[in-house]
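Colleague: Got a minute? I'd like to go through this model with you.
Modeller: Sure, let's put it up and start.

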Amino acid sequence: MGGRSRTAVGIVGNDGAVDPGRFVGMPGVSEAVPVSKPYKQVSREWKHEATIVELPGGARIGDGSVTVIAGPCAVESREQIHAAAEIVHELGGHVLRGGAFKPRSSPYSFQGLGERGLELLAAAKQATGLKIVTEVVAAVDIELVARYADVLQIGARNMQNFHLLSAVGEQPRPVLLKRGLMATVEELLLAAEYVVSEGNPRVVLCERGVRGFGAHARYTLDLSIVPAIRESSHLPVIVDPSHATGKRAFVAPLARAALAAGADGVMIETHPDPQQALCDGHQALDPDEFAALAAELRALAAHLSARPETVT
Ligand code: PEP
Ligand code: MN
């Protein structure tokens, strides 16, 4: 792995078997560092510099800027996704979200438009220039989804679908990996390791809340995972306050808190008409609410970037 001033060579599959002392003193070796964590390649020990994930065509996640990913829970119609894309684009968002294949808790809920949804996302991208992130729920769909998406999302419920993780690791599209509903930071990083160890280093982690006991919000947003990931891993991390809270009124305060905690970006659900949404309407910001939040995030990002210690 080439760094700015040194090249790191990593060895895996040798837990405890190799004495680092054997390498020290060899020509060209400045130090030998045992990687103590079970997740190797995503650890800070393996690579100290923060990873910047480049999306096809330019946008960068993890470069110290704040990435705003926004859009509806699901693609519902041409009109809906175009209206959402216009709003996200006009308000300075970078990536349009929208599920075409939806992992729903109930088999009777709207499951997404499938390939038609992907085509509508591609048309919205064409119209606005926004990048597209959309979920892939099964390995057989990866090729299809990757034809339309700039970033492949692995949902919380699939964070430990190891076959799917390996399969997205075998292709080049960046991967947005959401934290499982009850996953520890170690489990999340091991899930990322599945992707990276197959050859795809372009992984962005996403905190989206974990199961708690409170009834005031859908999940408990665990912002402490942001500095925990920073400490243990070089991968960028974004925060999704929409799924974490399940409540429109809670989204903006927690989005602001996410940036203050050092997240590389946020993922926000917004819908041109939340009352009519086929999925997660209660947590979607309407266009005015999203506009207000986008302005706040811009101001906050400018303030935070003036504080060098917040950029790792
Ligand atoms: C989503 O972002 O569309 C989604 C289903 O979220 P999660 O996997 O975090 O529940
Ligand atoms: Mn949703």
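Colleague: By class, how many nonpolar, polar and charged residues are in the shell around ligand 1?
Modeller: The shell has six charged residues, three polar ones and two nonpolar ones. Keep in mind that this is a predicted model.

Colleague: Which residues surround ligand 1?
Modeller: From the early part of the list, take Arg97, Lys102 and Glu135. Then come Gln153, Gly155, Ala156 and Arg157. Lys178, Arg208, His243 and Met267 complete the set around ligand 1.

Colleague: Which atom of ligand 1 is 2.8 Å from the side chain of Arg97?
Modeller: An oxygen atom of ligand 1 is 2.8 Å from a side-chain N or O atom of Arg97. Lys102 also uses its side chain: an N or O atom there is 3.0 Å from a ligand 1 oxygen. With Ala156, the backbone takes part instead. One of the N or O atoms in the backbone of Ala156 is 2.8 Å from an oxygen of ligand 1.

Colleague: And how much of ligand 1 does the protein bury?
Modeller: The protein buries 96% of the 300 Å² that ligand 1 exposes when taken alone.

Colleague: Back to Lys178. Where does Lys178 lie?
Modeller: Lys178 is in strand β7, which covers residues 175–178. Its relative accessible area is 4%, so Lys178 is buried.

Colleague: How far apart are Lys178 and Arg208 in space?
Modeller: Their C-alpha atoms are 6.7 Å apart. Along the sequence, Lys178 and Arg208 are separated by 30 residues. Both also belong to the group around ligand 1.

Colleague: Staying with Arg208, which ring does its charged end sit over?
Modeller: The ring of Tyr219. The charged end of Arg208 is 4.2 Å from the centre of that ring.

Colleague: New topic: aromatic pairs. How many does a search of the whole structure find?
Modeller: The search finds one. Phe162 and Tyr194 make up the pair, and their rings are stacked. The centres are 4.6 Å apart, with 25 degrees between the planes.

Colleague: Which helices hold Phe162 and Tyr194?
Modeller: Phe162 is in helix α4, residues 162–169. Tyr194 is in helix α5, residues 185–197. The two residues are 32 apart, and the pair links distant parts of the chain.

Colleague: Why does Phe162 count as partly exposed?
Modeller: Because its relative accessibility is 34%, and partly exposed covers values between 20% and 50%. Tyr194 has a relative accessible area of 33%, so Tyr194 is partly exposed too.

Colleague: What about Asp280? What is its phi?
Modeller: Asp280 has a positive phi of about 60 degrees, although Asp280 is not a glycine. Asp280 lies in the loop between β10 (265–269) and α9 (287–305).

Colleague: Is Asp280 buried or exposed?
Modeller: Buried, because its relative accessibility is 10%.

Colleague: Let's look at loops. Where is Gly57?
Modeller: Gly57 is in the loop between β1 (53–54) and β2 (60–61). Gly57 counts as exposed, with 79% relative accessibility. The C-alpha atoms of Gly57 and Lys131 are 8.6 Å apart, though 74 residues separate them along the chain.

Colleague: And where is Gly246 found?
Modeller: Look in the loop between α7 (241–245) and α8. Gly246 counts as buried, at 11% relative accessibility. Between Gly246 and Ala284, the C-alpha distance is 8.5 Å, with their positions 38 residues apart in the chain.

Colleague: Last one: which helix has Ala255?
Modeller: Helix α8, residues 248–260. Ala255 has a relative accessible area of 0%, so Ala255 is buried. From Ala255 to Lys40, the C-alpha atoms are 30 Å apart, and the two are 215 residues apart along the chain.

How values were computed:
Residues numbered from 1 in each chain as written. Chains lettered and ligands numbered in written order. Predicted model: local features only at pLDDT ≥ 70, side-chain atom pairs only at ≥ 80, totals over all residues. Heavy atoms only, no water. Phe/Tyr/Trp six-rings, centres within 6.5 Å; stacked < 30°, edge-to-face > 60°. Helix = DSSP H or I, 4+ residues; strand = E, 2+ residues; numbered from the N terminus. Buried < 20%, exposed > 50% of the residue type's maximum accessible area, 1.4 Å probe, protein only. Lys NZ or Arg CZ within 6 Å of the ring centre and 35° of its normal. Near = heavy atom within 4 Å. Polar contact = N/O pair within 3.5 Å; in protein donor to acceptor, adjacent residues only side chain to side chain. Areas by Shrake-Rupley, 256 points an atom, 1.4 Å probe, with all protein chains shown as cover. Nonpolar A, V, L, I, M, F, W, Y, C, P; charged D, E, K, R; others polar.
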